[in-house]
Amino acid sequence: MQTVGDEAHPEIRAAVRALCAGFPPEYHRRVDAGRAYPEAFVEALTRAGWMAALIPEQYGGAGLGLAEASVIMEEINRSGGNSGACHGQMYNMTTLVRHGSEDQRRRYLPAIAAGELRLQSMGVTEPGAGTDTTRIRTTAIRRGDRWVINGQKVWISRIQHSDLMILLARTTPLDQVAKKSEGLSIFIVDLRDAIGRGLSVRPIANMVNHETNELFFDELEIPAENLIGEEGQGFRYILTGLNAERVLIAAECIGDGYWFIDKVSAYASERQVFGRPIGQNQGVQFPIAESFIEVEAANLMRWEACRLYDAGRPCGAQANMAKYLAAKASWEAANACIQFHGGFGFAAEYDVERKFRETRLYQVAPISTNLILAYVAEHVLGLPRSF
Ligand SMILES: Cc1cc2nc3c(=O)[nH]c(=O)nc-3n(C[C@H](O)[C@H](O)[C@H](O)COP(=O)(O)OP(=O)(O)OC[C@H]3O[C@@H](n4cnc5c(N)ncnc54)[C@H](O)[C@@H]3O)c2cc1C
């Protein structure tokens, strides 16, 4: 099946595809059934240098752009895997590379590139604030040469498989700032020092095999130099990572979409009912063809978002729209895939039900479809702000 982005970065695509071939669907199925972490897979990606794609060459990385990184994520999902186990390192890297000091870049990036450290976690969401990020209540207060952190986060992923986390906390109370997006700062938290010494972690059992947690901060102390960039500007910095995250997740959904379409097309061509392949019926063909058209269209917006991001240009609208279109298209493809597998779509050994659960997440996280619509209405179309 020829698709929109196939001709872009063919060497990367071929190399990641070859690596993924060593981890067939049975591997990912086993990991899912055991609620385990795909450690061997992430280790293989790290050893091959793919997890350091966005680290500049002078710090030991590959020095690639978001477009190339998105191909890596797409190929993982297209092979039947789930980039959710490791995509955090990709988008967190963009925050550290663009906004970290030279000292921070030297301290962390070479060790991450060498696979000695993992930067897989980003702590933004809180139970009390939800999507209204500026209302977060986790605080960081400067005391001498330390920041002292108190508060709570929820849904913070990959903490148990990461050494470092980028944390968003309020450093100036909301009632003392001119704009509510001011007074927030971001920090690097070394989880190896923090867990058990002011940070406690409670795993959340969830629908996908996604390692995600509640975090409780009680007088956690971190060194003053772990502040990233300027104090109070963290909301602006975190948007760099959030836009990268949206584009990468769009690429993952596109990978999922093609996986579902390949899988259901093959099945519908083989499965005989009423003496002919089910795929001969237009009632079966059309939803598959429609979801393919939608994945292809979403893919075009993904490349546009990558182009703007890599040029350092504003890309909030395109990153959000790519994520919206891709998550919707992969979900439609997932529905067609499970529907036309009939009962077998529900059998774990076909992998459809696993991928169906995995791709459903992206309607809600990292940003829900409603909030993307609100963003486009307000920031692109100039409609009155709704909240
Ligand atoms: C598996 C998983 C992993 C995650 N990993 C991370 C992570 O690593 N780091 C992190 O910081 N966060 C993480 N999240 C959190 C995720 O980003 C949030 O769940 C998501 O942004 C939605 O926020 P919420 O759950 O608080 O929903 P809420 O903000 O409570 O919203 C609930 C629903 O109401 C709708 N809604 C809310 N306000 C409006 C409005 N004004 N107009 C219309 N509709 C509205 C939303 O669309 C949504 O569907 C993860 C979540 C999950 C499920």
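The shell around the ligand comprises 12 nonpolar residues, 11 polar residues and no charged residues. The model described here is predicted.

**Ligand surroundings**

Among the 23 residues around the ligand, those that come nearest are Val124, Gly130, Thr131, Ser368 and Asn370. Three elements, namely strand E1 (119-123), strand E3 (146-157) and helix H12 (369-380), give two or more residues to this shell. In terms of domains, at least three residues of the shell around the ligand are drawn from domain 2 (120-233), and at least three from domain 3 (236-380).

**Domain organisation**

The domain assignment of the protein chain yields the segments tabulated below.

| Domain | Residues |
|---|---|
| Domain 1 | 10-117 |
| Domain 2 | 120-233 |
| Domain 3 | 236-380 |

**Contact between domain 1 and domain 2**

A distance of 23 Å separates the C-alpha centres of domain 1 and domain 2. Their contact involves 15 residues from domain 1 and 15 residues from domain 2. On the side of domain 1 that touches domain 2, at least two residues are supplied by each of helix H2 (25-33), helix H5 (87-99) and helix H6 (102-113). Helix H5 provides the largest share of that side, with 5 residues. By class, the residues on the side of domain 1 that touches domain 2 are 5 nonpolar, 8 polar and 2 charged. Charged residues are thus present on this side of domain 1, whereas the shell around the ligand has none.

Note on methods. Residues numbered from 1 in each chain as written. Predicted model: local features only at pLDDT ≥ 70, side-chain atom pairs only at ≥ 80, totals over all residues. Domains from an automatic or database assignment. Contact = placed C-beta atoms within 7 Å. Helix = DSSP H or I, 4+ residues; strand = E, 2+ residues; numbered from the N terminus. Nonpolar A, V, L, I, M, F, W, Y, C, P; charged D, E, K, R; others polar. Near = placed C-beta within 6 Å.
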